[in-house]
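Here is a quick walk through one protein model, with an eye for the spots a modeller might want to look at. Have a viewer ready.

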Amino acid sequence: MTVNLVTMRKLVRDRLGVPATDDFITDDIIDSSINLAIITFDSEHRWPWNETTADLTLTAGTNWYSLPTDWRAMRAVTYLHDVLEPMPAYDLDRFIQGSGGHPRYYAIVNDQIRLEPSPQNNATAKMYYYREPKLLTLDIDTTRCPDEHVMALVAKATQLCATRESERFEAQDHLAEY
């Protein structure tokens, strides 16, 4: 079973004990709380369901490349059969500047990845990375996380809504369950 936004919204409303006609805790408020709960939950761990890969098309003599738009954190970069070593950009500037060869190191700078030394041939590297959380906007949107974690998201979203209502004790109960 995959849980969509409509179902999660209903679960949050049921936990809060507010009807769908409530004009203080609207669907928009609940949706925002659900998305904030997803962001919070995803930031607590590098979950396997957020792992993905992307090919990086390398051009000879070029060592700066754009990261995927959904990139959050790097797990590994491979080139041919080697795993490249991560290194701070400052160290790459100070110690490792090559004019071409077999990339051995990488650094993340803003929304780009830098390889050193730059590749001497056109080739393909593979990035293993963690994606940004998938936020829910349409009623049919579903989370990436397995169903067994959905109730944690619902508890967190409910806690956020209860905090909005200034129901501190109720919010603490939901936070404890989260």
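What follows covers salt bridges, a cavity, a surface patch and some backbone details, all taken from a predicted model.

## Salt bridges around Arg9

Let's start with charges. Side chains of opposite charge can pair when their charged atoms come close. In this model the count comes to 9 salt bridges.

Arg9 is a good place to begin. Arg9 pairs with Asp27, with the closest N and O atoms 3.9 Å apart. That contact links distant parts of the chain, since Asp27 sits in helix H2 and Arg9 in helix H1 (residues 5–16), 18 residues apart. Arg9 also forms a salt bridge with Asp139, and here the closest N and O atoms are 2.9 Å apart. Asp139 is in the loop between S8 and H4 while Arg9 is in helix H1, so this pair ties together parts that are 130 residues apart in sequence.

How exposed are these three? Arg9 has a relative accessibility of 10%, so it counts as buried. Its two partners come out as partly exposed: Asp27 with a relative accessible area of 33%, and Asp139 at 40%.

## A pair between H3 and S7

Next up is Asp93, which forms a salt bridge with Arg114; their closest N and O atoms are 2.6 Å apart. Asp93 belongs to helix H3 (residues 89–95) and Arg114 to strand S7, so the pair ties together parts 21 residues apart in sequence. Asp93 is partly exposed, with a relative accessible area of 44%, whereas Arg114 is buried, at 5%.

Back to Arg9 for a moment: salt bridges that share partners join Arg9, Arg13, Asp27, Asp31 and Asp139 into one network.

## The cavity

Rolling a probe the size of a water molecule over the atoms shows where empty space is left. Here the structure holds 1 cavity of 30 Å³ or more, and about 70 Å³ of space lies in it.

Which residues line this cavity? The lining is made of Ile38, Phe41, Asp42, Trp49, Asn50, Lys134, Thr143, Arg144, Cys145 and Leu153. Helix H2 (residues 27–43) gives the largest share, 3 residues. Sorted by class, the lining has 5 nonpolar, 2 polar and 3 charged residues.

## Surface patch and a buried alanine

On the outside, Leu36, Ile39 and Leu135 make a nonpolar surface patch of about 230 Å². Ile39 lies in helix H2 and, with 35% relative accessibility, counts as partly exposed.

Ala157, in helix H4 (residues 150–164), has 0% relative accessibility and so counts as buried. The C-alpha atom of Ala157 is separated by 8.4 Å from that of Ser32, although the two are 125 residues apart along the chain.

## Backbone oddities

Most residues other than glycine have a negative phi, and most peptide bonds are trans. With that in mind, a few places deserve a look. Glu116 and Pro117 are joined by a cis peptide bond, with omega about -15°. Pro117 is found in the loop between strand S7 (112–116) and strand S8 (123–131).

Then there is Leu80, with a positive phi near 55°. Leu80 sits in the loop between strand S3 (71–79) and strand S4 (82–83), and at 55% relative accessibility counts as exposed. Asn110 also has a positive phi, near 55°. Asn110 is placed in the loop between strand S6 (105–109) and S7, and is exposed at 70% relative accessibility.

Definitions and conventions
Residues numbered from 1 in each chain as written. Predicted model: local features only at pLDDT ≥ 70, side-chain atom pairs only at ≥ 80, totals over all residues. Heavy atoms only, no water. 1 Å grid on protein atoms, 1.4 Å probe; cavity = no way out; pocket = protein on both sides within 12 Å on 5 of 7 lines; lining within 4 Å. Points joined across faces, edges and corners; volume = space filled by probe spheres on them. Helix = DSSP H or I, 4+ residues; strand = E, 2+ residues; numbered from the N terminus. Nonpolar A, V, L, I, M, F, W, Y, C, P; charged D, E, K, R; others polar. Patch = residues over 30% accessible without salt bridge, like charges linked within 9 Å, V, L, I, M, F, W, Y side chains within 5 Å. Areas by Shrake-Rupley, 256 points an atom, 1.4 Å probe, with all protein chains shown as cover. Salt bridge = Lys/Arg side-chain N within 4 Å of Asp/Glu carboxyl O. Buried < 20%, exposed > 50% of the residue type's maximum accessible area, 1.4 Å probe, protein only.
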